[in-house]
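Colleague: I have not looked at this structure before. Please take me through it.

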Amino acid sequence: MKAAGLGLLLGLAFCCCAGHAEHEGAADQGKEPDCSRHSPPGCPRIFDPVCGTDNVTYPNECELCAANLGKQTAVRIKKRGTC
């Protein structure tokens, strides 16, 4: 019972802190995604959201790179986490 309560408390703390993602660059400029580490279209199914400068939340940096490649755009990372 105590372990379940502790797990619930830690999960709640993680969720509360996750919203305070570090901003990387100005909102209008953003940070260039590191697409050299990723090989779209084979992106991992890992949920590590990034907010693009187009105000779209991408599931991870690789998916942002894949969208840029597919749409011939240059969306950058506005911040880590959801928009």
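The turns below cover the sheet, a helix and the salt bridges of this predicted model.

Colleague: In what order do the 3 strands of the open sheet lie?

Modeller: The pairing in this sheet is antiparallel. Strand E2 (57-58) and strand E3 (77-80) are the edge strands, each pairing on one side only. The order is therefore E2-E1-E3, given that two strands pair if there are at least two bridges between them.

Colleague: Which residue in E3 is the bridge partner of valine 50?

Modeller: Strand E1 covers residues 50-52 and pairs with E3 in the antiparallel sense, over 3 bridges. In E3, the partner of valine 50 is arginine 80.

Colleague: Which strands are included in what covers the buried residues of H2?

Modeller: Helix H2 spans residues 61-71, and its buried residues are Glu61, Cys62, Leu64, Cys65, Ala67 and Asn68. The cover over these buried residues includes E1, E2 and E3.

Colleague: Which backbone nitrogen does a side-chain oxygen of asparagine 60 reach at the start of H2?

Modeller: The two atoms come to within 3.1 Å of each other. A polar contact is a pair of N or O atoms within 3.5 Å, so the pair falls inside that cut-off. The nitrogen belongs to cysteine 62.

Colleague: Which residue takes a positive phi just after H2?

Modeller: The helix itself is residues 61-71. Just after H2, the phi is about 55 degrees, and the residue is glutamine 72.

Colleague: How many residues apart in sequence are the parts tied together by glutamate 32 and arginine 76?

Modeller: The side chains of glutamate 32 and arginine 76 meet in a salt bridge, at 2.5 Å from N to O. Glutamate 32 lies in the loop between helix H1 (2-18) and E1, and arginine 76 in the loop between H2 and E3, so the parts tied together are 44 residues apart in sequence.

Colleague: Is glutamate 61, which forms a salt bridge with arginine 80, buried or exposed?

Modeller: In this salt bridge the closest N and O atoms are 3.0 Å apart. Glutamate 61 lies in helix H2 and arginine 80 in strand E3, so the pair ties together parts 19 residues apart in sequence. Arginine 80 is partly exposed, with a relative accessible area of 23%. Glutamate 61 has a relative accessible area of 6%, and buried means under 20%, so glutamate 61 is buried.

Colleague: How many salt bridges does the count come to?

Modeller: One of them joins glutamate 32 and arginine 76. Glutamate 61 and arginine 80 form a salt bridge as well. The count comes to 2.

Terms used:
Residues are numbered from 1 along each chain as its sequence is written. This is a predicted model: local features need pLDDT of at least 70, side-chain atom pairs count only at pLDDT 80 or more; totals for chains, interfaces and linings use all residues. Side-chain values use heavy atoms; hydrogens and water are left out. Helices (H or I, at least four residues) and strands (E, at least two) are DSSP runs, numbered from the N terminus. Buried means under 20% relative accessible area, exposed over 50%, partly exposed in between (1.4 Å probe, protein chains only). Contact means heavy atoms within 4.5 Å. A polar contact is a pair of N or O atoms within 3.5 Å; within protein, one must be able to donate a hydrogen and the other to accept it, and residues adjacent in sequence count only if both atoms are side-chain atoms. A salt bridge is a side-chain nitrogen of Lys or Arg within 4 Å of a carboxyl oxygen of Asp or Glu.
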